[in-house]
Each structure stands twice: as C-alpha cells, then as structure tokens.
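Dear colleague,

Please find below the structure I wished to pass on to you. My notes on what was found in it follow, arranged by topic.

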Amino acid sequence: MRAVVVFVLGGAVVIALVGGGAYLLTLEPEEDEPRVATTGWDRYDARGRVLRVHYLGSSCQEKAVAEVEERPRRVVVTVRATVAPGRCARAAVPRTVSVRLEAPLGDRSVHDGACLQDGSARGCERPRRRTAA
C-alpha cells in the first residue's frame, strides 16, 4: 500500500511517497518573504559626518540600509533595500538613506558599492548633490 504524506517544512512543500520505497520531492515555496537587493544610487549630499544617498527605489520597499567602507582616498556606500513580497507596481520612487562616517568626508571621493560589485571600477564615483545656497 502506498501513502502520500504532505507537509510544510521551512516554507517549502514536501511530498513523501511511502510504501514500496520512499521518495522525496521538495517544491520551491511561493515568494512570501521579503527580498533584499543591492541597489545602485545616483547622488549624495554630505553634512559633517553624515552622507545622505539618493536613489530610485521600488514602491514596495519596506526599508533600506547603507553599508559604508571608508578608505583614505575614497568612501564606498552600498545600499541594500528590502522589498515586500508579492506583486509590486514597477513605479520608481525617490528614496534617501543616511549613513554616518567615522571621519568627515573631506576631499575623499564617494563610490556606489553596487556599481563596484558589477566588476567595474569605472563610472562608480558619484557626484555630490547640488543644493541651493
């Protein structure tokens, strides 16, 4: 006699056929967890030791964090955005995320970490956002 046992394990559906041998089939779960993605950004502004990074994000974004790597001649900022599960309108929304530096920016250049991860060092330096005086 064969029996089919179905249960959920860690969000995946597991089907086991029992009787005359055991077989296991694991199906990928539907997307029900938020996704975290590295996001490129356009411009920044600096005030003291705080950098504000500006980018276009998803309308379904739940949060974003900026990771910073400080070097003597440059600062690398990588933005990681968390997007809600499910379907999402593809509308781009202006977003800003802030990061605090260990030392004032000074004359160091600022680079997009997502751009650097793509394997290109060229074109990854970002301009300071112009503000009205």
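**The surroundings of T82**

Leaving aside residues up to four places away in sequence, T82 touches P34, R35, V36, C60, Q61, E62 and K63. Please bear in mind throughout that this is a predicted model. T82 belongs to strand β8. Its relative accessibility is 9%, below the 20% limit, so T82 counts as buried.

**Overall organisation**

The protein contains one helix and 10 strands. Along the sequence these elements follow the pattern β-β-β-β-β-β-β-β-β-β-α, with the helix at the end. The chain has 133 residues, of which 28% count as buried. Among contacts with a separation of 6 or more, 58% are between residues 24 or more positions apart.

**The nonpolar core**

Which residues of the largest nonpolar core touch the most other members? They are W41, L51, V77, L105 and V110, in a core of 14 residues. Two or more residues of this core come from each of the elements β6 (50-58), β8 (74-83) and β9 (92-100). Strand β8 is thus a contributor to the core and also the strand in which T82 is found.

V110 may serve as a point of entry when you inspect this region. Residues up to four places away in sequence not being counted, V110 is in contact with W41, Y44, L51, V75, V77, L105, C124, E125 and R126. Among these contacts of V110 are W41 and Y44, which also form an aromatic pair with each other. The geometry of that pair is edge-to-face, with 6.4 Å centre to centre and 90° between the planes. W41 and Y44 are both buried. The count of aromatic pairs in the structure comes to one.

**The three-stranded sheet**

An open sheet is formed by three strands in the order β5-β6-β9, with antiparallel pairing. Strands β5 and β9 stand at the edges and have a single partner strand each, so one side of each lacks a neighbour in the sheet. On average, neighbouring strands of this sheet are turned by 25° against each other, direction ignored.

The two pairings may be taken in turn. Strand β5 (residues 43-47) is joined to β6 by five bridges, and the two run antiparallel. Within this pairing, D45 has R52 of β6 as its bridge partner, while R47 stands opposite V50 in β6. The hairpin of β5 and β6 has two residues between the strands, and in it G48 takes a positive phi near 65°.

On the other pairing, β6 and β9 are antiparallel over nine bridges. Here R52 has S98 in β9 as its bridge partner. R52 is therefore a convenient residue from which to follow the sheet, since D45 is its bridge partner in one pairing and S98 in the other.**Salt bridges**

How many salt bridges does a search of the whole structure find? The search finds five, and three of particular use for orientation are described here, including R80 with E67, R71 with E69 and E70 with R108.

The side chains of R80 and E67 meet at 3.0 Å, N to O. This pair links distant parts of the chain, with R80 in strand β8 and E67 in strand β7 (residues 61-70), 13 residues apart. R80 is partly exposed, with a relative accessible area of 23%. E67 also counts as partly exposed, at 39% relative accessibility.

Between R71 and E69, the closest N and O atoms of the salt bridge are 2.6 Å apart. R71 has a relative accessible area of 34% and is partly exposed; E69 is partly exposed as well, at 37%.

In the salt bridge of E70 with R108, the closest N and O atoms lie 3.1 Å apart. Again distant parts of the chain are linked: E70 is in strand β7, R108 is in the loop between β9 and β10 (109-112), and 38 residues separate them. How do the two partners fare in accessibility, buried or partly exposed? E70 is partly exposed, with a relative accessible area of 24%. R108, at 11% relative accessibility, falls under the 20% limit and so counts as buried.

With kind regards

How values were computed. Residues numbered from 1 in each chain as written. Predicted model: local features only at pLDDT ≥ 70, side-chain atom pairs only at ≥ 80, totals over all residues. Heavy atoms only, no water. Core = buried A, V, L, I, M, F, W, Y, C linked by side-chain atoms within 4.5 Å. Buried < 20%, exposed > 50% of the residue type's maximum accessible area, 1.4 Å probe, protein only. Helix = DSSP H or I, 4+ residues; strand = E, 2+ residues; numbered from the N terminus. Contact = heavy atoms within 4.5 Å. Phe/Tyr/Trp six-rings, centres within 6.5 Å; stacked < 30°, edge-to-face > 60°. Pairing = 2+ DSSP bridges. Axes fitted to C-alpha atoms, helices over the stretch in contact; angles between N-to-C directions. Salt bridge = Lys/Arg side-chain N within 4 Å of Asp/Glu carboxyl O.
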